[in-house]
Amino acid sequence: MSQLETLKQIVTGRVAKDEPMAPYTALGVGGPADYFVEVMSEDELAALMCYIYENSAPWMIIGDGANLLVSDKGIRGIIIKLGEPFKLIEVNPPFIKAGASARISKVADIAAQNDLSGLEGVGTVPGSLGGAIVMNAGTHRGYIDEVTESVSIVTDQGEKRVLSNKECGFSYRNSRFQWDKSMIITFAAFKMSKGDGEAIAAHLESVRQHRDETQPQGKSAGCFFKNPPGLSAGKLVEGVGCKGWQEGGAMVSPIHANFIMNADNATASDLYNLAERVRMQVLEVHDIELEYEVRLVGEW
Ligand code: EPU
C-alpha cells in the first residue's frame with residue numbers, strides 16, 4: 001500500500017500528497033508539503049504518531065500558520081494539522097477547557113462572556129491556543145501560564161498524557177515545548193477567577209483597536225524580527241531607512257517597519273531576501289544582528 005493510502009486509513013481528516021502550504025499560512029506563501037494530514041481526534045493523532053515513529057518518518061505540526069515563513073521549495077515529510085474538533089471551547093466555571101487550534105482571542109472573548117477573568121492578558125495576542133502555550137504568551141495584564149491548570153499532549157511515540165502546570169516548565173515567554181519537541185499540545189484547561197465580563201470585554205476591545213491603528217492589515221506574519229534587549233526592532237528598521245523597501249512582491253510596511261508584508265503575490269524568497277537586506281542594513285549601521293521572530297521552515 002502507498003504511504004498516502006496508509007495515512008488515509010489512520011485518520012478521517014483531509015489527507016493529501018504534495019499539498020501547497022501557502023493557504024495554511026498568514027503570509028500566504030510556501031511550496032508543497034510531501035504529505036498533509038489533518039487529524040480529527042487525539043486517538044487519531046496517537047495512531048498517526050505511532051505510525052510515524054515506527055517508520056522514522058520526518059514530521060512537523062502546524063498551527064494556524066500565523067508565524068511561519070514556508071520556503072518556496074516546500075517541506076519534506078508529513079505535515080500534521082489539528083482539525084475542527086480541536087477548536088473546542090468548553091466552559092465549566094471556574095474552568096475552561098479548549099483545544100489547541102482554538103484562537104486564543106476567542107477563548108478570552110468567551111471567558112469574558114462568562115464573567116471569567118485570567119485570559120485578558122493573552123486574549124489580545126494573535127494565534128492559536130497551542131502557540132500561546134508554547135510561547136507562554138501574554139502582556140503586562142497577565143501571561144497564559146498563570147491560569148493554565150493542565151495541558152493535554154500526545155507524544156511522538158503515540159502516547160496520550162496530561163501535564164500539570166509545573167511539568168510545562170513555563171518561564172518568561174518560554175515553556176518546555178520550545179525545546180522538548182516530543183510533545184504535541186492538543187487541549188488545555190484553565191482555572192479562571194470571577195471577573196467583570198463587561199470590563200474585560202472593553203479592555204480586549206481597546207487593545208485590539210490600538211493594534212489595528214498601529215499595525216498594518218493584510219498578509220503578514222506579524223513582527224518579523226525579535227526586539228533586541230531593550231530596543232525596538234521596528235524603530236531600528238525605520239531608523240536605517242528601510243520602510244517601504246521592496247523585493248518582488250514583498251514590502252517593508254510603511255506603517256510598522258517590523259512587518260514584512262506579502263504586498264503583491266510575493267514568493268517566500270522575495271520575503272526572505274528582503275528580510276536579509278533589512279538585517280544587513282541594521283548590522284552595518286548599528287552593528288546589531290536582528291534575530292528572526294517568524295519561524296523559517298522547509299527547504300531553503
Ligand atoms: N516604532 C517606530 N517605527 C516603526 C515601528 C515602531 O518608530 O516602524 C516605534 C514605536 O513608535 C514605539 C516602539 O517603536 O515607540 C515600539 O513599537 P510597538 O509599540 O509597535 O511595539 P513593538 O515592540 O514593535 C511588540 C511586539 C508585537 C506586539 C506589540 C504590541 C515584538 C517583536 N513585537 O511590538 O508583536 O503586537 O509589541 O503589543 O515583541 C508579533 O508578535 O508578531 C508582534 C507584532
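Trainee: Which helix gives the most to the shell around the ligand?

Mentor: Helix α6, residues 233-239, does, with three residues. Helices here are DSSP runs (H or I, at least four residues), numbered from the N terminus. This is a predicted model, where local features need pLDDT of at least 70, side-chain atom pairs count only at pLDDT 80 or more, and totals for chains, interfaces and linings use all residues. Residues are numbered from 1 along each chain as its sequence is written, and side-chain values use heavy atoms, with hydrogens and water left out.

Trainee: What makes the link between Gln215 and the ligand a polar contact?

Mentor: The term asks for a pair of N or O atoms within 3.5 Å. A polar side-chain atom of Gln215 lies 2.7 Å from a ligand oxygen, so the pair meets that cut-off. Arg211 has a side-chain N or O atom 2.8 Å from an oxygen of the ligand, and for His256 the value is also 2.8 Å.

Trainee: Why is Cys242 called buried?

Mentor: Buried means under 20% relative accessible area, exposed over 50%, and partly exposed in between (1.4 Å probe, protein chains only). Cys242 has 0%, so it counts as buried.

Trainee: And why is Cys50 called partly exposed?

Mentor: Its relative accessible area is 28%, so Cys50 falls in the range between the two cut-offs.

Trainee: How do you know that Cys242 is too far from Cys223 for a bond?

Mentor: A disulfide needs two cysteine sulfur atoms within 2.5 Å. The closest cysteine sulfur to that of Cys242 is in Cys223, 15 Å away, so the two are too far apart for a bond. The structure holds zero disulfides.

Methods. A polar contact is a pair of N or O atoms within 3.5 Å; within protein, one must be able to donate a hydrogen and the other to accept it, and residues adjacent in sequence count only if both atoms are side-chain atoms. Helices (H or I, at least four residues) and strands (E, at least two) are DSSP runs, numbered from the N terminus.
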